[in-house]
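Student: Could you take me through one part of this model closely, namely the ligand site and what surrounds it? I'd like the cut-offs along the way, please.

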Amino acid sequence: MSETLIVVGNGMAATRFVDELTQRAPSRYSVVVIGDEPRLSYNRVLLSSLLADEIDESAIELKGQDWWSARGATTLTGQAVTSIDREGGRLTLANGARLSYSKLVLATGSAPIRLPKPGMNLPGVLTFRDLADVEAMRAMMAPGARAAVIGGGLLGIEAAYGLAKAGVKVTLIHLMDQLMERQLDARAGALLKRAIEAKGVDVVLGADAAAVVGEERARAVALSDGRLIDADFVVCAVGIRPRAQLAKDAGLAVNRGIVVDDGLASSDPDIFALGECAEHRGNVYGLVEPAYEQAKILAHRLAGDLAASYLGSTLATNLKVSGVNVFSAGQFIENESNDCLMLEDEGAGIYKKLVLREGRLAGAVLFGDAADGLWYLDLIRSGADVSHMRDLLAFGPALALAQAA
Ligand SMILES: Cc1cc2nc3c(=O)[nH]c(=O)nc-3n(C[C@H](O)[C@H](O)[C@H](O)COP(=O)(O)OP(=O)(O)OC[C@H]3O[C@@H](n4cnc5c(N)ncnc54)[C@H](O)[C@@H]3O)c2cc1C
């Protein structure tokens, strides 16, 4: 009889993992995937495009029920796993049901953080993580309504853009003096601010949201300098936290995320973790590509290839705001030991910065024209020597490769 492998969480990592595993070991496991959202997994990355009305809901589906059935995987939706009994090899669902496993994969993703400030739990304060959040925003986004979005990272900017596109008067409040400061340098950040303002969003930088004000529901955001930003609703997009409590309660090693080794095993050799809930070599990733890389390695492992190892991921960021092309990857902050190439065409709104270390590309920031982003990402990942095409590197592969030839 095949072993029972249970996956907790039916999100992007879980779906890719089941895909990879069932290709490699189609009948080795009896696979059960348990998700607490009311529907099968969907492409969470596309929620921003859905909010901005650039796609419809059918476009976010990852795999339909037929696909799961054809793979022999049983799916349970709308069911939360509430505890794991490691000694007995069983887990319990919120409805009291118990299921036995021989291997367990935790793919529980992250939860959005609400600032620990007064009023953040008032009705009308929303987050941006799942389809229910998009539906809640849609219910409030009438033209002329006012929204305050707290957080000028990727999610906050995408939320602000989607709302503004629907005619909502949006104020984007960001603590730092630059948007997306973790992904962009100051110049690209300034260009981004201008582009987002041109989309109708009022951007307030260096602004510390001290409280959400309102009696029965949110009415404004109070900044610590005394300013009040009136809002009919507030979107809090200040970051995410790995959903690791289930693992912690079961006694697994948890720091920020569930600690895993290069084989994606937790501190219990029969329990694995991947995606945003996992912490590998001190890193917790908040993007889908690392989750997909981990899914592949874990599938190899559980299909019997014990040499497969996950060594970490190089991150790349793409902003999904129509007409605003932004890409960043690797180590893009220059210092004395780096060689920094910069190209700016102010008229065309194009800015590129490439950081080289010892003749190899270490990082890239692109604004305005991000078409060559994946080429730069490949160069960063491969660690290839690019010194022979240095002079034309910023002009993209067509010119740089011709120079190198
Ligand atoms: C609006 C938005 C835009 C994004 N844009 C990008 C982008 O442009 N590029 C990019 O790389 N990434 C982007 N991301 C991040 C990307 O979506 C995540 O990195 C990816 O979804 C992580 O996959 P995961 O499977 O680890 O987590 P998730 O997709 O969140 O899946 C985890 C699932 O597990 C469920 N779950 C948790 N606990 C339990 C439990 N106890 N029992 C049952 N089920 C449980 C959760 O409800 C969820 O359905 C975006 C995210 C959002 C919200």
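Tutor: Happy to; here is the ligand site, followed by the domains around it.

This is a predicted model, in which local features need pLDDT of at least 70, side-chain atom pairs count only at pLDDT 80 or more, and totals for chains, interfaces and linings use all residues. Residues are numbered from 1 along each chain as its sequence is written, and side-chain values use heavy atoms, with hydrogens and water left out.

Around the ligand sit 32 residues, and the closest are Asp-36, Glu-37, Arg-129, Glu-276 and Lys-320 (a residue counts if one of its heavy atoms lies within 4 Å of the molecule). By class, this shell has 13 nonpolar, 11 polar and 8 charged residues; here Ala, Val, Leu, Ile, Met, Phe, Trp, Tyr, Cys and Pro count as nonpolar, Asp, Glu, Lys and Arg as charged, and the others, Gly among them, as polar. Helix 1 (12-24) and helix 5 (154-165) each supply at least two shell residues, and helix 5 gives the largest share, 3 residues (helices are DSSP runs of H or I, at least four residues, numbered from the N terminus).

Now for the polar contacts, meaning pairs of N or O atoms within 3.5 Å. Glu-37 has a side-chain N or O atom 2.6 Å from an oxygen atom of the ligand. Backbone atoms take part as well: a polar one of Ala-13 is 2.8 Å from a ligand oxygen, and a polar one of Val-81 is 3.0 Å from a ligand nitrogen. Taken alone, the ligand exposes 1000 Å², and the protein buries 93% of that (Shrake-Rupley areas with a 1.4 Å probe).

Stepping back, the protein is divided into domain 1 (3-110 + 240-302), domain 2 (125-236) and domain 3 (316-404), with bounds from an automatic or database domain assignment. The ligand lies between domain 1 and domain 2, because both give residues to its shell. The centres of these two domains, taken over C-alpha atoms, are 31 Å apart. Their contact takes 17 residues from domain 1 and 15 residues from domain 2, where contact means heavy atoms within 4.5 Å.

Definitions and conventions. Polar contact = N/O pair within 3.5 Å; in protein donor to acceptor, adjacent residues only side chain to side chain.
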